[in-house]
Each structure stands twice: as structure tokens, then as C-alpha cells.
Amino acid sequence: MPSSRRARIPARTPSRSPRGPSRAAAPEELPAARRKRAAAVLERLRREFPRPVTALRHENPFQLLIATILSAQCTDERVNMVTPGLFSRYPSPALLAAAAPAELEREIRSTGFFRMKAKSIRGCSAAIVERHGGVVPGSLDELTRLPGVGRKTANVVLGQAFGVASGVVVDTHVHRLSGRLAFSTAATPEKIEQDLMGVFRKADWIEAGSLLILHGRKTCAARKPRCGECTVRDLCPSAALVPPSRA
Ligand code: SF4
């Protein structure tokens, strides 16, 4: 993009965070300008990631729900190593709900926090059987009433399995990038999501979460963001905060 056409972005006060550039320091950017910049960021990221879908392998909404629960504090790669065996042994919500706790824990142990995850999986599987006839519900309200299912998990399932834009997925990457890109100065996932829902068009909510996650994994890493090779560098208020040797 020619420099004369580049979006104007607000100056920021340098952060002393050990994680490099982080939360915006009261950027003086009007909401309309922020929405325009956010749309430009998405457009760039779309070019870099033409198919921004979840890396969690699944064949139906139920498998995605369980895989998303397992992905907490765990890599998608590790989850993808565990789920084929898990779904082969317990192919339905009824069978997972009836799983012996110790056996289920053994099956998912390598994903970490396995006792808590096993409890969530059994609880939400039982609720799906009892309240929804064994079918994963398709609304945010119903999903977040299931044991162990929060807004992030519900947004993943609704967006990726049902194509429903219920909100913006806020995981650790989206949390970090929202601050660096000055889309939100909030500290909690709930408030960050509300800010992002105002920054992005509703039609872009599903894609926005996926694209920010992919960008966070590939380029805007927590400790060493690679600003020098970042496709949205000229749209990011944090780019100037990275020492030249790291950019
Ligand atoms: S320029 Fe890119 S890599 Fe650097 S902080 Fe901004 S979004 Fe992250």
C-alpha cells in the first residue's frame, strides 16, 4: 500500500511489559477510524490466511465441542492426537456421559488438566443427552448453560460448526493482539469480546477471531512479535515499540 494511503494510527506510550508491546495507552482514535483500521487489518490477514478455520479436527458439532474443551491450556496438535481414539471409543454424547471417570481421564491425560476436563466432558455430554436429545444446541444461551462450556467454547462451536456469528472468540492470542492492535484496552475476555464486537462488523466476527489467532501464532507471538515481517505493521500502534533489532 502506498504510504500516502496508509491508515493513520494513534501514537502510543511505550509499554515496559516483558512481553514486548502490549496494551494500548489510551489511544486517541475515533471509533469510526478504529473500525476502518480493523477492517483493513482483516483484509490483510485474509490474504495471508485464505482459509481461517480451526485446526481442531472434527466431523460434527459434538466432536468440535469436546475438542474445544480439551484445547484449554493445550495445543491443537496435541488435542488432534487424542481425539481420534477418544471419539472411536466414545462416539456419542450418551457414551461419553456414561464413561468411567478414571478411563476417560486416562484417555485425555496428555492434554493436561485432565480431571477437570473429564468432569466437564461428562457433564456437558450428559446435559446434551438430557436437555437436547443428544444433539448439540445451536444457540449461545443453550450452549453456555452446559457444564464446562463458556463463551469462548460456545463461540467456537457456533462459528465453526454452525456458521452462527454469536460473538468473537477471545483466547490468549486474541486477548494479546487486541491490546497490541489497540482494539481494546480491557483486561477480561468478556469485555475484550464486547469491544471487538463493536470494532468488527458482525459479518466478520467469526473470521476475526480465527484470523487473529492464526496471526498470533505465526507472527505476533507473546514474547517475540516479529513486527519486521508483519503484514499489518503499518496498521499496528505497537509496531514502533519493538526495538529495531527485534523488528
Ligand atoms: S506489528 Fe504485527 S507483530 Fe508487531 S505487535 Fe503489531 S500485530 Fe504484532
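**Exercise 1. Identify the buried residues of helix α2, and state what they pack against.**

Solution. The buried residues of α2 are F62, L64, L65, I66, A67, T68, I69 and L70, where a residue is buried if 20 or more other C-beta atoms lie within 10 Å of its own, exposed if 12 or fewer, and partly exposed in between, with C-beta atoms placed from the backbone. Helix α2 is therefore mostly covered, since eight of its ten residues are buried. These buried residues pack against α3, α4 (93-97), α5, α6 and α8 (151-162), two residues being in contact if their C-beta atoms, placed from the backbone, lie within 7 Å. Helices (H or I, at least four residues) and strands (E, at least two) are DSSP runs, numbered from the N terminus.

The model is a predicted one, in which local features need pLDDT of at least 70 and side-chain atom pairs count only at pLDDT 80 or more, while totals for chains, interfaces and linings use all residues. Residues are numbered from 1 along each chain as its sequence is written.

**Exercise 2. Describe the secondary structure and the burial of the whole chain.**

Solution. The chain has eleven helices and zero strands, and along the sequence its pattern reads α-α-α-α-α-α-α-α-α-α-α. Of its 247 residues, 40% count as buried. Among the contacts with a separation of 6 or more, 60% come from residues 24 or more positions apart.

**Exercise 3. Work out how α2 is set against α3, and which residues form the contact.**

Solution. Two packed helices are described by the angle between their axes and the distance between the axes. The axes of α2 (residues 61-70) and α3 (residues 76-89) come within 10 Å and cross at roughly 135°; axes are lines fitted to C-alpha atoms, for helices over the stretch in contact, and angles run from 0 to 180 degrees between N-to-C directions. That angle makes α2 oblique to α3, given that angles under 35 degrees count as roughly parallel, over 145 as roughly antiparallel, 65 to 115 as roughly perpendicular and the rest as oblique. The crossing of α2 past α3 is right-handed; a crossing is left-handed if the near helix is turned anticlockwise from the far one by less than a right angle, and right-handed if clockwise. On the side of α2 the contact is made by Q63, A67 and L70, and on the side of α3 by V79, V82, T83 and F87. By class these residues divide into five nonpolar, two polar and no charged, where Ala, Val, Leu, Ile, Met, Phe, Trp, Tyr, Cys and Pro count as nonpolar, Asp, Glu, Lys and Arg as charged, and the others, Gly among them, as polar.

**Exercise 4. Carry out the analysis for α5 with α6, and then for α1 with α11.**

Solution. The axes of α5 and α6 come within 9 Å and cross at roughly 120°, which makes α5 oblique to α6. Helix α5 passes α6 in a right-handed crossing. Here P101, L104, E105 and I108 of α5 meet F114, R115, K117, A118, I121 and R122 of α6, a contact with six nonpolar, no polar and four charged residues.

For the second pair, α1 (residues 31-48) and α11 pack at an angle of about 65° with their axes 10 Å apart, and α1 passes α11 in a left-handed crossing. The contact is made by L42, L45 and R46 of α1 and by E207, A208, L211 and H215 of α11, and it comprises four nonpolar, one polar and two charged residues.

**Exercise 5. Locate two residues with a positive phi, and give the exposure of each.**

Solution. Most residues other than glycine have a negative phi, and most peptide bonds are trans. Q73, although not a glycine, has a positive phi of about 55°. Q73 sits in the loop between α2 and α3 and is exposed, with 11 other C-beta atoms within 10 Å. For F113, phi is near 45°, a positive value in a residue other than glycine. F113 lies in the loop between α5 (101-108) and α6 (114-132) and counts as partly exposed, with 14 C-beta neighbours inside 10 Å.

**Exercise 6. Characterise the residues around the ligand.**

Solution. The ligand is surrounded by 15 residues, of which the closest are C220, C227, C230, C236 and A239; a residue is near a molecule if its C-beta atom, placed from the backbone, lies within 6 Å of it. This shell divides into ten nonpolar, two polar and three charged residues.
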